[in-house]
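This report considers selected features of a predicted model. Helix geometry, cysteines, aromatic contacts and internal cavities are treated in turn.

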Amino acid sequence: MNETHVSNGDSPINISIDPQELADEISRKLKSHLGKDASVATGYDWLSSAVFVVRDRIVDHWIDSTKRSYQAKTKRVYYLSLEFLIGRLMRDSFSNLGLLESMREALNRLDVDLDVIAELEPDAALGNGGLGRLAACFMESIASLDIAAHGYGIRYKNGMFRQEISDGWQAELPETWLKHGYPWEFERRERAFEIGFGGTVESLTSPSGRLHGHLWKPLERVVAVAYDTPVVGWRGRRVNTLRLWSAQPIDPILLEAFNAGDYIGALAESNKADTLSRVLYPADSHEEGQELRLRQEYFFSAASLQDILQRHMSQHGELQSLPEKAAIHLNDTHPAIAVAELMRLLMDVHGIDFREAWRICNGTFAYTNHTLLPEALETWPIHLLERLLPRHMQIIYAINAEVLRVVRAHEGFTNEQISRISLIHEGTVRSVRMGNLAFVGSHSINGVSALHTALMKDTVFCDLHHLYPERINNKTNGITPRRWMFQCNQGLTNLARETIGDGFLDDLTLLKSLDGMAGDAAFREKFAVVKRTNKERLAHYVEDRLGIRLDPSALFDIQIKRIHEYKRQLLNILEAVALYDQIRSHSEREWVPRVKFFGGKAAPSYHNAKYIIKLANDVAKVINRDPAVRGLLKVVFVPNYNVSLAEIMMPAADLSEQISTAGMEASGTGNMKFALNGALTIGTLDGANIEIRENVGDDNMFIFGLRSDEVADRRNNGYDPRALIESSPELLQALTAITRGVFSPDDPGRYRDLIGEIYDNDWFMVAADFNSYAETQRRVDEVWSKPEQWFTMAIHNTARMGWFSSDRTIREYASDIWKV
């Protein structure tokens, strides 16, 4: 029997990798867990059975990891995030345990193809974009570095939505990722906590009339039930826990109402609880949606904190040591209400006075800011908080008084600065600034790229930075190479192993050894073959799903990310329209064949983003059907972009579009994934593009456009986009064609408002950057026409991306913020 040794700190765990033994176990699981015979088993049955076999091995290691933490009284990290975009886990877990090929052979012996059943595994619908994917990368790296941790979030039954494209428009359908069950999770009914909403607050006084506490009496209660998913680190070094909360009613049915014939009313409380863990980011364009979002954020934060304090008390018996034994990390502003909730638990439940509770709170929390966009920092109307969380509103007022006391103890702050520091925004509708609450409640506030961190200090948190100058620090994002190279691009991984050995599998910076191979013609050819194979896989996917035939020898130009105006998919579409016109007008030129790919979801209530999706599809319909283009340009919008689709598209990309308005993208991680897989970046000096340029070299990227300070200057001092448009023939032609209905003959005025915003305001600098972008795209064409130069640059990108491993990022968090 063959064995693989999996590290568990000081001693290895032996995991059987004998394929026949694994095959026998899979057959037994099929019968004992699913009650099926092999002759009638479906693909989902084989998937579940294979997962159960490996899960059994994971559980032993999971328990061992937990025991080690308790025995050593290790400080734990608790990562609170509204999103965890973990994708499919089968390959990830099999690979990290060294069982992938053994399981492939075991399934082959049962006449089952691992690759086929792997495609049946659903993407867990627990996130939307970069925020959730970063959280998933971080959890995997935390386990890989043997750091004890829990991730906390919500177990969304229907995710954000499943995107379909109907007549070019985004259609939102519920995700159904749980319809076949989820074999990775464990329901923990014993880890259930009551969560309250509304009600009243009673002041508690001594017989002498002295106030000595408060008692919150919620009007509504739901139960948060834990569902645990194991997170397996690289080579099985540690297995940590992703704990997701599901909302359930106190009473599943009101029998009195039911027996009285009020069948709908009898289930009203059950349905109300169910909405809390039903959908990620419900539309908040109405009051009901805003209230649901706040309820969700409090629900998971409160459940997580009760769980954390219960664990700490069971081990240490007191809470004064919480900062030394627990690091609670707020992933963006969504869990900021946790600051007020921890204060409530410490004071009202555990009897700790305000100043000591504030010391514990501040020493325990850390906060990562992911955006400079005001709407993403969240503000909640005071009337909503007072109705939904009355005790928390009292505590927020008390925290604000303490912060303003500290401000007034410092000289030099103007009334305007003090007003901006205040947790209370005194606008038309008085509201609570949740970003400010997260900031003052945390001992560390970090940005996610050097530029983003600098802009945090200068813009959204300028005044708070002056008050607490030691708190803001930078931790540039990273990605896990296990998923984003080793698993999704096995051809490139194998080529690297053959060339420089296996060292980079444990230390991605050792990929730098490939740098010298960029000048080797034979290696460049092998690198090109890998890229071609990945492009053929994507082309096959597109033809199979969308019926569009693509030439893999064309330049694959890919922009896949959440649809937002600052990410500037519109700029890319305009350049496609301008290029389309040039190809038709100048057929005598040698045009580079190009396929422009788009993918991403628009928030349900984001009107302009939905129109950008429609425009991309309208433009694709016209260009792809025009014989005058001769197949030199195609446009493809790939629906329902998710982790599994990214694993196909990123290895296939020749050109990575990272073209956000400078100063608006906090970091980005797609830029890192593309570059690691050998794509060249066309981008602005925004987010982590700057650090990528520092690592791969300016001559191995295509940089264009305004810098962040130039964007700010144009916004502050005014600029005339209309005059600029009229001076740019290509841009003028593209905008005119769109506004006159060339791409929307059924509704010629469809895009008049969308394009009108560029003429009237151009807040996102689409017109301002168009000429530079179009010129840089023609420079891309020139380099693409020289394969030796192109693949030399591509190899340099792959070789120099080791610094962007999330292992490096987590080491920085661990040493500088969490102190673990």
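Why is the sulfur of C137 not in a bond with the closest cysteine sulfur? The closest cysteine sulfur belongs to C488 and lies 11 Å away, which is too far for a bond. A disulfide requires the two sulfur atoms to be within 2.5 Å. A search of the whole structure accordingly returns zero disulfides. C137 itself is buried, because its relative accessible area is 1%.

**Helix α6**

Helix α6 spans residues 130–144 and comprises 15 residues. From its first C-alpha to its last, α6 reaches 21 Å, close to the 21 Å expected at 1.5 Å a residue. The helix is mostly covered, with 14 of its 15 residues buried. D146 follows α6 and has a positive phi, near 60°.

**Cavities**

Seven cavities of 30 Å³ or more are present in the structure. The largest cavity has a volume of about 160 Å³. Its lining consists of 16 residues, of which I86, L89, D92, A136 and V231 are the closest to the centre. Helix α6 contributes to this lining: α3 (90–96), α6 and β10 (220–232) each supply at least two residues.

**Aromatic contacts**

The count of aromatic pairs comes to 26. One of them joins Y367 and F461 in an edge-to-face arrangement, with 6.3 Å between the centres and 75° between the planes. Y367 lies in strand β13 (residues 365–368), whereas F461 is in the loop between α18 (450–458) and α19 (462–467), so the pair ties together parts that are 94 residues apart in sequence. Both Y367 and F461 are buried. Elsewhere, ring pairs link Y78, Y152, F193 and W245 into a cluster.

**Charges over rings**

Tryptophan rings also take part in contacts with charged side chains. The charged end of K673 sits over the ring of W484, and R808 lies over the face of W803. The table gives the distance of each charge from the ring centre.

| Charged residue | Ring | Distance to ring centre |
|---|---|---|
| K673 | W484 | 4.5 Å |
| R808 | W803 | 3.7 Å |

**Summary**

Helix α6 recurs in this account: 14 of its 15 residues are buried, and α6 supplies at least two residues of the lining of the largest cavity. Among the longer-range contacts described above, the pair of Y367 and F461 ties together parts 94 residues apart in sequence.

Key: Residues numbered from 1 in each chain as written. Predicted model: local features only at pLDDT ≥ 70, side-chain atom pairs only at ≥ 80, totals over all residues. Heavy atoms only, no water. Helix = DSSP H or I, 4+ residues; strand = E, 2+ residues; numbered from the N terminus. Expected span 1.5 Å × (residues − 1). Buried < 20%, exposed > 50% of the residue type's maximum accessible area, 1.4 Å probe, protein only. Phe/Tyr/Trp six-rings, centres within 6.5 Å; stacked < 30°, edge-to-face > 60°. Lys NZ or Arg CZ within 6 Å of the ring centre and 35° of its normal. 1 Å grid on protein atoms, 1.4 Å probe; cavity = no way out; pocket = protein on both sides within 12 Å on 5 of 7 lines; lining within 4 Å. Points joined across faces, edges and corners; volume = space filled by probe spheres on them.
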